[in-house]
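Me: I'd like a close look at one buried-away corner of a model, then a walk outwards from there. Keep it chatty, but give me the cut-offs as you go.

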Amino acid sequence: MSALIRPGEVLDNRWIEIADDADLPASGQVILSWARWLSLDGQIPTGDLQIGLRLPNTLDVVAHASQLQSHPLLVLDFPSFADGRAYSQARLLKARLGYRGELRAAGQAVVRDQLQSLQNCGFDSYQLRGDQDPALCIGAFADFSASYQPNLLAMRKRLRPGSHAPLAQ
Amino acid sequence: MYRYDQYDQTLVDERVIQFRDQTRRYLAGELPADEFRALRLRNGLYVQRFAPMLRIAIPYGLLSSRQLRMLGHIARTYDKHYGHFTTRQNIQFNWPALERVPDILADLASVQMHAIQTSGNCIRNVTSDHLAGVAADELLDPRPYCELTRQWATFHPEFNWLPRKFKIAFSAAGGDRAAIRVHDIGVQIVRNDAGELGYTIYVGGGLGRTPIIGPMVREFLPEADLLSYFEAVLRVYNRLGRRDNIYKARIKILVKETGLAAFRQMVEAEWEQIKDSELRLQPGDLDAMRARFDTFDYDPSAASDTSFDAHLAADSAFAAWARRNLQPHRVAGYKVAFVSLKAQGIAPGDMTDTQMDAVAELADRYAFGEVRVTHDQNLVLADVRQGDLYPLWQSLRDLGLATPNIGLLTDLICCPGLDFCSLANAGSIGVAQDIFDLFDNLDDQHDIGPIKVKMSGCMNGCGHHSVGHIGILGVDKKGEEWYQVTLGGSAENDASLGDRTGPSFSRDEIAPAVQKIIDVYLRMRNSEDETFLACYRRIGMAPFKAELYATEAA
Ligand code: SF4
């Protein structure tokens, strides 16, 4: 069973994936596909239903910003180990659009060896691929104690005279 | 040299630990082979024809003597006593054992080196002019910009899983020695009419199956906006580059299929959103980066030396070397000395551990402890007092590193080909040797003048054949090695792609075909000053075709 984690802890997943042909419940926290969401065409059951969306990694999130912002959960998809498109979606959602909800990574690339990059692109939670050991994965957030990105503040600070001396070679 | 601080060092050290663990998990069966493959490629490790191949990064071609000694140590300890310098200013080792690669990376980290992003679909090692900082035709030293770019690109979390590999090259000189227009992004550092520094940006150049000379995407980008513009280009590419077909995945295809105007518009629209972000360079950022590079105390009395001229007059072998293998330095009394890695019986770009140690020693003695790698697969000692050139030459000659052929026919570049590379259709090293044998006479080579022969063992074009004045491409014909020839390519300011001569040549025919091409040129040039490239551009393909294919018709 695949675990949901964030740095430091395994999370309870309270969100339920609803298949495209299944009925919507009246309440609870559900994840709908983007296609399903579009087909609802704004006809959302009134009541206590919270809707998260699973987005295809080809979606232009900036063009659809107004439809995404209000959802408390967005799940970005990594359909294969080497397909990095959702990394850009994540940065656009967080850095550009200021998305405040939970940004979750899911799919084949959500494995120990990619977690820290995912984190640096702004993801909040990680639906691990089924074969991953959550305890080891949580450790992977500490693989690198520093980063040159995503912005240059760290670089700028350390390049200032006196802040970080060059090492002897 | 750029010197690491603790921050840089920590990152490479942690990378070693990470890769050691990935290797362990792979060997223990805990990491799927295809995933380990993608991860090891990001540490420069291929599995080649006979053994793994490890490609080590030499950022913008710059090495300290200590680093070169370490490469010698690696050649000795983990390989068969040699390494191979590549057309991207890196070095490859062809025989390391997979299990020991983490140890090699740890050794490298101890001298501020790594193999990060030397392969895989990510941003590769940044390349630049091998004469950076000493060339007379240079606007300013491009290396601080390269280092800034290296840091921005290293482990960039968003751009580590691109559709395909991504190469960036910088030039800041009048003459482009970095082949910037055959890179995914080529940057020319310029000063505009108002006297401000900035960049002309080319995107979507590349060699391989679909060679393209990169079109200009922005004529003038202000100096502060370098990284935000890179980020905009990469983001457009990461989102929209094709992932359905490996042969159409480079950014050049995206630019071509989108159309330059539309592509430019997308990049500019993205850049508009981020140009004022923290990616914008602030006053002082580049100065701070510049300050991290060593500067040299040049000897003010270097120019008063008279021994150099005396040796030139007295020793014709030295004079021949000086004529071909030296270039002017912008400081009076200094010269740039080329160390030729093209010698009879040696695969172009190969160097032994003993030679590495010895050149490191010479660099310490004569060149401020610094060595550069050129994309023509030679080395450069960039700052040598003219009074030291004679003893330097004597030492290089004894090491077999003083072939006076820089820029001449036998200074050809060539990929590893069938001897090492699993993708190869044909051998290239053997052909290089045949050509060496045919044109061994240096006087003949001098007579032929500057010419760039470039050879690749397959379409991937690691030997840059499409931009060779004479390009040779290995093709497979029913299991046999054949060679296609192109003429008139160039990777410099006047960049162009070569034209095919016609049907390909067999292994036995290829060196003689080069001979015929040279014969036509020598016959048809209008003076000794007309180079091969200029002559070809004037007379066109017809005379070459006639000579090459004449016997078949007869
Ligand atoms: S050009 Fe082809 S044969 Fe040569 S190194 Fe590249 S991939 Fe291998």
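Reply: Start with B:Gln377, which touches B:His84, B:Phe85, B:Thr86, B:Thr87, B:Leu341, B:Lys342, B:Pro348, B:Gly349, B:Leu412, B:Ile413 and B:Cys414, leaving aside residues up to four places away in sequence (contact means heavy atoms within 4.5 Å). This is a predicted model, where local features need pLDDT of at least 70 and side-chain atom pairs count only at 80 or more, while totals for chains, interfaces and linings use all residues. Residues count from 1 along each chain as written, chains are lettered from A and ligands numbered from 1 in written order, and side-chain values use heavy atoms, without hydrogens or water.

B:Gln377 sits in the loop between β14 (370-373) and β15 (379-385) of chain B (helices and strands are DSSP runs, H or I of at least four residues and E of at least two, numbered from the N terminus). Buried or exposed, then, for B:Gln377? Its relative accessible area is 1%, so B:Gln377 counts as buried (under 20%; exposed is over 50%, partly exposed in between, with a 1.4 Å probe and protein chains only). The C-alpha atom of B:Gln377 is 9.5 Å from that of B:Ile91, although 286 residues separate the two along the chain.

B:Lys342 leads us to the next spot, as it is also one of the residues touched by B:Thr410. The others there are B:Asn405, B:Phe436, B:Phe439 and B:Gln445, again not counting residues up to four places away. B:Thr410 lies in the loop between α13 (389-399) and β16 (413-414) of chain B. Its relative accessibility is 1%, so B:Thr410 is another buried loop residue. The side chain of B:Thr410 makes a polar contact of 3.0 Å with that of B:Asn405 and one of 2.9 Å with that of B:Gln445 (N or O atoms within 3.5 Å, a possible donor with an acceptor within protein; sequence neighbours count only through side-chain atoms).

Now the ligand. Its surroundings take in B:Cys415, B:Pro416, B:Gly417, B:Cys421, B:Leu423 and B:Ala424, and also B:Ser456, B:Gly457, B:Cys458, B:Asn460, B:Gly461 and B:Cys462 (a heavy atom within 4 Å). That shell splits into seven nonpolar, five polar and no charged residues (Ala, Val, Leu, Ile, Met, Phe, Trp, Tyr, Cys and Pro are nonpolar, Asp, Glu, Lys and Arg charged, the others, including Gly, polar).

On to helix pairs. In chain B, α3 (65-78) packs on α12 (353-366) at about 170°, axes 8 Å apart (lines fitted to C-alpha atoms over the stretch in contact, angles 0 to 180 degrees between N-to-C directions). So α3(B) is roughly antiparallel to α12(B) (over 145 degrees; under 35 is roughly parallel, 65 to 115 roughly perpendicular, the rest oblique). Among the residues making this contact are B:Leu68 and B:Arg69 of α3(B), and B:Met356 and B:Asp357 of α12(B). By class, the contact has seven nonpolar, two polar and six charged residues.

The pairing of α7 (251-258) and α8 (260-274) of chain B has an angle of about 110° and axes 6 Å apart, which means α7(B) is roughly perpendicular to α8(B). Here the residues include B:Leu254 and B:Val255 of α7(B) and B:Phe263 and B:Met266 of α8(B), and the classes are seven nonpolar, one polar and no charged. Within α7(B), B:Ile251, B:Lys252, B:Ile253, B:Leu254 and B:Val255 are buried. The buried residues of α7(B) pack against β9 (197-203), α6 (226-240) and α8 of chain B. After α7(B) comes B:Gly259, with a positive phi near 95°.
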